[in-house]
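Subject: Structure handover and notes

Hello,

Please find the structure below, followed by my notes on it. Could you read them with the coordinates open?

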Amino acid sequence: MICILGGTGGGKSVLFNSLVSEKLSKVGVRRPCTRGAVVLCPSRATDSLGNLKRESGFLDELEIIPRDKDELKNVIMVDTPDFDSVEKSNRITSNRFFMLSDFILFVASQEKYADLLGRNLIRRSVEWGKEIIVILNKAESETAFLDFRRSLANELPALELIRIDRTARPPEILTNSPAIDQLSGLFQRFQAVEEVRKLRVSECERLKSNTLNSVETTAELLQELRDRIQIIVEHIDAALNESLEEMETKLDVSASREVEEKIQARLENLLRKYDILYAPRAALRNAVQKIVATIGGTIISDWFGQNRTVLNETISLKSLEQNDYANSLTQLEASVAKFNLEVAELLSSEEDFSDFRRIASESCPRFSSEQIRAFYEEAFPEIEKLLEAEFERFKEGLSTVDEIKLYGSYTLWALFLVTAEVAIGGGLTLLDMVLNSVIVPFIPKWLLKFKIIDILRDIAERVDRQRREALRGILMRQAEIYIQVFSDLAPKQESIGQLLKLRSGLQSIG
Ligand SMILES: Nc1nc2c(ncn2[C@@H]2O[C@H](COP(=O)(O)OP(=O)(O)O)[C@@H](O)[C@H]2O)c(=O)[nH]1
Ligand SMILES: [Mg+2]
């Protein structure tokens, strides 16, 4: 396969037509004129070229012309589109034919011979060990030719350079050109099957060693990337565990005089107002339905009716914000910020993680205060639901009379509520500190017989557990973003395995 390669308007198509002695490829003043490639081949090669076109997926515009010419019986001639074309598909086609070619005719023109892209292509041909002849086309001055020859010889002394003089008028095909006669000598050479075979064998060996090299380097690079990702993920994991542990210890808070006073004021306020708002709505509704069914309940439904408006309000964490005595939210924010900082430091450490650093800053959003707040609220159910569940637990085994009495007790709900608030804000530690000094004085004697202190402690314990879990979950969620992004980048081990298998398969081909 002899491929004519070169830049736009260099005269490739004219050269192609001249070599095959037929005006087959369009020659153009309006450039680029050749789209896709024009291939002239012996008719016995048509099928394989057809397959190549179908399988390659990039040769849509490949024009295959079967011609049985004696001097071309072992040759496929290809006129390629410009390797420097503005059309990407042309550049790709040209590059693929570069790889497929056994022999390259590189066309440089007087205007463009010093061009860097062209020089790179010539260099690459030599690196790949491909046979190449360079043609200076449309040559007008001897100076330019000598200049070109000198600069090529400096770098690539063995390179053959042929000059084709510029004709007065733009031709479609050149006749009576000594340079074309000289190039046609190639066809004579490849009339001998032995010559063709030699060329093919060495080309196949080159392809094999080039492919082996690429496969090996690719497998190594992928493995290296995988290893680096594993290291960074392990580091992030370690940073997360450290932050979790630290946060955990800081969640235990001490009660101050000020906190105690706040809790006390809150309880007093709740009880003074006899604030029905804090008797959970649904619990009341359930109770009323049940009681109405059993005792006819005029009293209860009257009482319920009077307070209907207030009952439509929901107690959510928002209404608790001002009562978040010990500020576990602040602690969470600090822990998330510290964790993010640690990851940033990790990515800027002396190990070269600069690529990961960029990825992290582009693809790993850091939670804002608002987001953390929203997650925190989301993590707790509405307080009224929580208290309802606590109440359900509490009334197990009580008599109906006691149950009714408890449903109607503002004090009970106020105690439940404050306990939950304290536990959400400062955990069991805080509750234990203020339980006897601040909360117990508010418990009336009749409630004490229900072992209410133990029950409040139970509530606090459960809420504390839930709070810790929620806070941990939010911090882990931040870490998960990094871990996910980096893990998604890691090439699969099995892909690397496939490459290595391909390599040993290639090695075993003789
Ligand atoms: N005057 C003159 N024009 C030439 C010569 N060789 C090629 N051309 C013109 O240069 C233009 C581009 O040639 P073409 O073969 O289509 O270039 P390609 O883009 O490399 O295939 C055409 O108009 C050709 O006729 C030459 O020796 N003299
Ligand atoms: Mg052309």
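The notes start with the conventions and the overall make-up, then go through the sheet, some helices and a few loop residues.

This is a predicted model, in which local features need pLDDT of at least 70 and side-chain atom pairs count only at pLDDT 80 or more, while totals for chains, interfaces and linings use all residues. Residues are numbered from 1 along each chain as its sequence is written, and chains are lettered from A and ligands numbered from 1 in the order in which they are written.

Overall

The protein chain has 20 helices and seven strands; helices (H or I, at least four residues) and strands (E, at least two) are DSSP runs, numbered from the N terminus. Of its 510 residues, 28% are buried. A residue counts as buried if 20 or more other C-beta atoms lie within 10 Å of its own, as exposed if 12 or fewer do, and as partly exposed in between, with C-beta atoms placed from the backbone. Contacts are pairs of residues whose C-beta atoms, placed from the backbone, lie within 7 Å. Among contacts between residues at least 6 apart in sequence, 79% join residues at least 24 apart.

The sheet

The seven strands form an open sheet with mixed pairing, in the order β3-β2-β4-β1-β5-β6-β7; two strands pair if DSSP finds at least two bridges between them. The edges are β3 (63–66) and β7, each with a single partner strand, so one side of each has no neighbour in the sheet. On average, neighbouring strands are turned by 20 degrees against each other, direction ignored. Axes here are lines fitted to C-alpha atoms, for helices over the stretch in contact, and angles run from 0 to 180 degrees between N-to-C directions.

Strand β1 is largely enclosed by the rest of the structure, because five of its five residues are buried. Ile2, Ile4 and Gly6 point one way from β1, and Cys3 and Leu5 point the other way. β1 runs parallel to β4, with three bridges between them, and Ile2 stands opposite Met77 in β4. β1 also runs parallel to β5, with five bridges. Cys3 has a bridge partner in each of these strands: Val78 in β4 and Ile104 in β5.

At the β7 edge, five bridges join β6 (residues 131–139) to β7 (residues 160–165), and the two run parallel. Ala139 stands opposite Asp165 in β7. With helix α5, these strands make a right-handed β-α-β unit; right-handed is the case if, with the strands pointing away from the viewer, the path from the first strand over the helix to the second runs clockwise.

Helices

Which residues of α1 are buried? They are Lys12, Ser13, Val14, Leu15, Phe16, Asn17, Ser18, Leu19 and Val20. That is nine of the nine residues of α1 (residues 12–20), so the helix is largely enclosed by the rest of the structure. Its cover includes β1 (2–6), β2 (38–41), β4 (77–79), β5 (103–109), β6 and α6 (178–189). Just after α1, Ser21 takes a positive phi of about 55 degrees.

Helix α2 (residues 46–56) lies largely in the open, because the number buried among its eleven residues is zero. Gly57, just after α2, takes a positive phi of about 75 degrees. Helix α5 is hardly covered either, with a count of zero buried among its 14 residues.

Helices α15 (residues 383–395) and α17 (residues 410–439) pack at an angle of about 115 degrees, with their axes 10 Å apart. In this pair, Ile383, Leu386, Leu387 and Glu390 in α15 meet Trp413, Phe416, Leu417 and Ala420 in α17.

Loop residues

Gly9 is in the loop between β1 and α1 and is buried, with 21 other C-beta atoms within 10 Å. Gly9 and Asp82 are 73 residues apart in sequence and 8.0 Å apart in space, C-alpha to C-alpha.

Asn176, in the loop between β7 and α6, has a positive phi of about 55 degrees although it is not a glycine. Asn176 is exposed, with 6 other C-beta atoms within 10 Å. Lys451 also has a positive phi of about 55 degrees without being a glycine. Lys451 lies in the loop between α18 (445–448) and α19 (452–489) and counts as exposed, with 11 C-beta neighbours inside 10 Å.

Regards

Key: Contact = placed C-beta atoms within 7 Å.
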